[in-house]
Amino acid sequence: MKSLLFFLFTVSGILMAQKPNPPGTDIHSFANSSEVVVSHIALDLSVNFDTKTLSGTAALSLEHKKKTKTLILDTRDLTISDVTLDGSTSSASYTLGKEVQYLGRPLTITITPRTKLVIVHYSTSPNAAALQWLEPSQTAGKEKPFLFTQSEAILARSWVPCMDGPGVRMTYSATIRTRPDLLALMSAGNPVAKSTDGIYKFEMKQRISSYLLALAVGNLEFRSLGTRSGVYAEPGIVEKSAFEFVDLEKMITAAEELYGPYRWERYDLLVLPPSFPFGGMENPRLTFATPTILAGDRSLVALIAHELAHSWSGNLVTNATWNDFWLNEGFTVYFEHRIMEKVYGRTYTEMLATLTLKDLQETIVSIGATNADTRLKLDLTGRDPDDGMTDIAYNKGYFFLRLCEETFGREQWDGFLTKYFTDNAFTTMTTEQFLKHLDARFGVLSNKDVASKIKANEWIYSPGLPDNCPKPQSTEFEKVMSQVSSFMNGTPASKLTTEGWTTHHWLYFLRNIPDSVRLEKVIEMDYAFNFTRSGNSEILCEWFQRCIKADYETAFGPMRGYLMNVGRRKLVKPIYTALAKTEKGKTWAKQVYEKARPGYHSVTYNTIDGILK
Ligand SMILES: [Zn+2]
């Protein structure tokens, strides 16, 4: 996932972090997966937009590991109406345990060591944490409702009774029944057009973890982008989407040249309505993406490289528990940069890396360099896994892997990674297992000389940023900085050398304009570069923060439009934060927010509520 939630750590979190759990133990699942595992789920669900519920059955195929007489599943806010076993029509004995905050309730079912199939009859709650029900007004087309799921990290249990931990892999199939004017899609083989009866059948033949279960239902159309890729979006933005992602096939080829074949047959994108709170989610075969990357100039497609890279790191070789989250995200940021380098060149990716390092340093400052949550290996005992999912896993993970590349040489390192993805395909991985692989190949722990160069234990088990962190060199950003100083020293904005600048040049330019810049200068920049009318949401987010600081009134109208239309948390939070710093700004923000809030996802409005309270 890109741009995950960023919660502040809790005091209990710090205390808990002193006692790590044994590797591979999943503290976020009730399931007794060491005794029996669910190897396949067959869903039959009806989608009801009026009641905001899914209802039907989940038929779970079992693989017995030990002679057990109970099956324990994860559930959260599900109403269970019946449980039957194998072909029987009579009810099995089952109990729903006590509710535990954010973990939900264990569903304990009496089985025999010969039970092969368990069928759970159930419906979801209108408040199911994984399900986002959108009113027509919250979509791009404004005419039809929309539903999408977000199962990561432990939300799958709020729409499917399952063994909801990344350590359990299964295949799945589904029949989804919905209104015939809507198209249903899943993280599986997908239709390319609406059916006449609103019934859709899905098959996911590769084994996935539950956090990759995904469903979307809406007024969607498909455009092909190549022999094995395409894009789904609402009719009004489907052409724009097809234009934006024209390099998708190139990216898939680049990724395959790096680390071996793409193992999921097709790779399609689904552009969600504006209220999607994240950048993207790597649902297998069908990445869910925010429409805020539709910049019109293909300048924000690094996010797609990221989600595509997850087809190897995460979806193919999966973190065994959420404490090992950096194995999913750090690898993916590293792989994303390598794909981008192949398609767009090193100059481009060194800009990305420079911004990545800046973000990482800021995160470490805000969490605190001695805080346990700045370690790569997390300890989320007693906490919601989302609490630990800061950009440490992403960006510190990236720099650790980049250090390995720079130390061992690119050829050796790529050989290792290709073998790692091939040998461990469709399995789960703990941090300790990964370290063993790394040590076996390069001696990062056992060879004194190598160990002192890499400092693997410090990177993984100690807080803060080790002193051997690689330093990206961006000549492009040096050029940007010289333009910033020219501008601040009196060169008119219109006379600056900005030809050929990409989104990243502009972001870096805006970030480095001092806070004390006078209003006249802000107006001058707007005349020269037309920032207020930019179609690029990342640039707008940066620009509006400048406008707020300088009290540039002309921008407030467009800023209101932006806040009404963009629901991605990363792109609205900094603006509300800047507004909340003055009484005048806060009053204005509250007026806009009152109208914008109904269009936001709970992930977004929970954060903004806190900022404007
Ligand atoms: Zn990711």
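# A tour from the five-stranded sheet to the C-terminal helices

Begin by selecting residues 229-233, strand β15, together with its neighbour β14: four bridges join the two strands, which run antiparallel. The model on screen is a predicted one, and the tour should be read with that in mind. Within this pair, pick Glu221 and look across to β15, where its bridge partner is Ala233.

Now widen the selection to the whole sheet, an open one of five strands in the order β14-β15-β16-β18-β17, with mixed pairing. Its edge strands are β14 (221-224) and β17 (280-281), each of which pairs on one side only. With the sheet still displayed, add residues 302-309, helix α4, which lies across β16 (267-271), β17 and β18 (286-289) and runs at about 145 degrees to β18.

Just before β16, select Glu265, which sits in the loop between α3 (248-259) and β16. Its phi is near 65 degrees, a positive value in a residue other than glycine. Is Glu265 buried or exposed? With 11 C-beta neighbours inside 10 Å, Glu265 counts as exposed.

A similar stop lies earlier in the chain, at Lys142 in the loop between β8 (131-134) and β9. Phi of Lys142 is also positive, near 65 degrees, and this residue too is not a glycine. Lys142 is exposed, because 12 other C-beta atoms lie within 10 Å. Further along, select Glu152 and Ala153, which are joined by a cis peptide bond with omega of about 5 degrees; Ala153 has its place in the loop between β9 (146-149) and β10 (169-177). As background to these three stops, most residues other than glycine have a negative phi, and most peptide bonds are trans.

Next, turn to the interior and select Leu270 and Phe544, the residues with the most contacts inside the largest nonpolar core, which has 176 residues. The helix that gives the most to this core is α5 (residues 325-344), with 10 residues. Around Phe544, display Ala555, Met559, Tyr562 and Ile575, which Phe544 touches when residues up to four places away in sequence are left out of the count.

Move then to the helix pair α7 (residues 391-408) and α8 (residues 410-423), whose axes come within 6 Å and cross at roughly 125 degrees. The two helices are therefore oblique to each other. To see the contact, select Cys404, Glu405 and Phe408 of α7 with Arg410, Gln412 and Trp413 of α8; these residues divide into three nonpolar, one polar and two charged.

For the last stop, select helix α17, residues 569-579, in which Arg569, Lys570, Leu571, Val572, Ile575, Tyr576 and Leu579 are buried. Displaying the surrounding helices shows what these buried residues pack against, namely α15 (537-550), α16 (556-565), α18 (583-596) and α19 (602-612).

How do α17 and α19 lie relative to each other, and at what angle do they pack? The angle is about 10 degrees, with the axes 10 Å apart, and that makes α17 roughly parallel to α19. On the α17 side, the contact is made by Arg569, Val572, Lys573, Tyr576 and Thr577, and on the α19 side by Val603, Thr604, Thr607, Ile608, Ile611 and Leu612. Coloured by residue class, this contact of α17 with α19 divides into six nonpolar, three polar and two charged residues.

Note on methods: Residues numbered from 1 in each chain as written. Predicted model: local features only at pLDDT ≥ 70, side-chain atom pairs only at ≥ 80, totals over all residues. Pairing = 2+ DSSP bridges. Contact = placed C-beta atoms within 7 Å. Axes fitted to C-alpha atoms, helices over the stretch in contact; angles between N-to-C directions. Buried ≥ 20, exposed ≤ 12 C-beta atoms within 10 Å, placed from the backbone. Core = buried A, V, L, I, M, F, W, Y, C linked by C-beta atoms within 7 Å. Parallel < 35°, antiparallel > 145°, perpendicular 65-115°, else oblique. Nonpolar A, V, L, I, M, F, W, Y, C, P; charged D, E, K, R; others polar.
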